[in-house]
Amino acid sequence: MDVSFLEPVVSTPGPFATVCADVSHTTENADTELDLRVRAVAEKLTGQGAPEAVVEAVRGRLLQGNEGGEAGTWGGRAVVVAADGTVVLDQPLVGSPREEIAEWSPQAALLPLLTQLPGRVPHIVVVIDRVGADITVSARPGQTIEEKEVEGDSFQIRKFQGGGWAHHRYQHNAENKWVHNADNVAESIASMVRRLQPKFVLVAGDIRARQILTDRASELWKDLVVSMDEGGRAAGADLEPVRQRESELVAEHEAHEESQAVEQIEAASAHGLSVTGTALVVEALRKSQVETLVLADQQDDEQLFVGGSPLELGMGQGDLEALGSQEMHAVPADRALVAAAVASKADLVVVPRAALPGDIPVAAVLRYTDASTPGGDPA
């Protein structure tokens, strides 16, 4: 996962309010229920000492769904607010949060947010008919989910069922328009694929339109297509099967990404290009050696010491004294490691604790080795 979108959080001095809340609108009393949920979040933050400006900034973002619009369709929302009331992160969640958070603390609690943000697996969903398509793009974390409607020519779009001299002409015209409309959709998808590099393109809707579209798919994205029969563009069409299939595909790709990260650690270790365990990973992050940081979803109750920047990082105070740091703070390990990954432009993957070898909380694939890297040769 590219975590560069967290840079505004990492570069802003704390403390922070970190909130992961249910903002769903699924009942007749949704507005009242949301008001109550937001009030509970505000009371928790106030009870922990958050300033009123911070609490009001959180409250304002969470209540946006009551005003209608896109925010009213979200199931969950992740918000991080700095001490002066500046919102430094505001993202919709995949659904209602698996873990609700309302915390006022010196560092933002980013790890539990990362596994719930949309776009961990960038992908495209296309619901198509013979006139056009509705396209939804889930890009990368930190980027807005895009929605695009492609509309083509609908005049004489249906095949003529009668006979007579005009029959074949009408049939031919209809087919040509289906193909033309599918070409427009295919061009839009190709443009999105070039820009976003999705893992899959889910195509649902009219069977003939799907066939034409997949036939028109370019080499760029034809191998990414997953087709399904359910779903449609007509008013009132049930899109729940499409959303369910989308969720299944995302979960499959997430599992593959996790297993790939663990395999990469093991493969890279043969060349000295991976390290495991907190101490070795801290040293590699400090030198910007880390290409991919791999964190277990369940971390030990461990603290690291951080100086004036995220890469002034050490296991103890002595490490920072050796670096000449003028300040030092004890920080929960996962928060310090995420901040260092962002600061060093490393990718980050969160995996189940059991997936990492030896029940370790952290590992890393390295960009390069040097004389101090265990098992590595000088670069």
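**View 1. Pro15 sits in the loop between α1 (7-10) and β1.** Helices (H or I, at least four residues) and strands (E, at least two) are DSSP runs, numbered from the N terminus. The structure shown is a predicted model, where local features need pLDDT of at least 70, side-chain atom pairs count only at pLDDT 80 or more, and totals for chains, interfaces and linings use all residues. Residues are numbered from 1 along each chain as its sequence is written, and side-chain values use heavy atoms, with hydrogens and water left out. Look at the link leading into Pro15: the peptide bond from Gly14 to Pro15 is cis. Its omega is near 5 degrees.

**View 2. The whole chain combines ten helices with 16 strands.** Before zooming in, take a moment to look at the overall picture. Of the 379 residues in the chain, 46% are buried (under 20% relative accessible area with a 1.4 Å probe, protein chains only; exposed is over 50%, partly exposed in between). Contacts (heavy atoms within 4.5 Å) also tell us something about the fold. Among those in the chain with a separation of 6 or more, 67% join residues 24 or more positions apart.

**View 3. Helix α3 covers residues 52-62 and has a buried face.** Which residues of α3 are buried? They are Val54, Val55, Ala57, Val58 and Leu62. If you look down the axis of α3, these buried residues fall within an arc of 160 degrees, so they line one face of the helix. The arc is that of the directions from the helix axis to the C-beta atoms. Try tracing what this face meets: the buried residues of α3 pack against the helix α2 (30-47) and the strands β1 (16-22), β2 (76-82), β3 (87-92) and β4 (101-105). Glu52 also belongs to α3, but Glu52 is partly exposed, with a relative accessible area of 49%. The C-alpha atoms of Glu52 and Asp84 are 9.8 Å apart in space, while 32 residues separate the two in sequence.

**View 4. Helices α5 and α6 help to line the second largest cavity.** A cavity is a set of points on a 1 Å grid over the protein atoms alone where a 1.4 Å probe fits but cannot get out, and its lining residues have an atom within 4 Å of a point. By this rule there are two cavities of 30 Å³ or more. The second largest has a volume of about 40 Å³, meaning the space filled by probe spheres set on the points, which are joined across faces, edges and corners. Around this cavity you can find Ile128, Asp129, Arg130, Trp178, Asn181, Ala182, Val185, Ala209 and Ile212. Which helix gives the most to this lining? It is α5, with four residues. Both α5 (167-196) and α6 (207-216) supply at least two residues each. The lining divides into six nonpolar residues, two charged and one polar. Here Ala, Val, Leu, Ile, Met, Phe, Trp, Tyr, Cys and Pro count as nonpolar, Asp, Glu, Lys and Arg as charged, and the others, Gly among them, as polar.

**View 5. Gln197 follows its own path in the loop between α5 and β8 (200-205).** Gln197 has a positive phi, near 50 degrees, in a residue other than glycine. Is Gln197 buried or exposed? With a relative accessible area of 55%, Gln197 is exposed.

**View 6. Helix α8 turns its buried residues to one side.** The buried residues of α8 are Thr278, Val281, Val282, Ala284 and Leu285. They cover an arc of only 165 degrees around the axis, which puts them on the same side of α8. Their packing partners are the strands β10 (274-276), β11 (290-296), β12 (303-306), β13 (313-314) and β16 (362-366), together with the helix α10 (333-343). Let us pick out Thr278, part of this helix of residues 278-286. Thr278 is buried, with a relative accessible area of 10%. Apart from neighbours within four places in sequence, Thr278 touches Glu302, Leu304, Met315, Pro361 and Val362.

**View 7. Beyond α8, Ser288 lies in the loop that leads to β11.** Ser288 is not a glycine, yet its phi is positive, about 55 degrees. At 27% relative accessibility, Ser288 counts as partly exposed.

**View 8. Gly308 is found in the loop between β12 and β13.** With a relative accessible area of 54%, Gly308 is exposed. Find Ser325 as well, 17 residues away along the chain. The C-alpha atoms of Gly308 and Ser325 are separated by 6.9 Å.

Note on methods: 1 Å grid on protein atoms, 1.4 Å probe; cavity = no way out; pocket = protein on both sides within 12 Å on 5 of 7 lines; lining within 4 Å.
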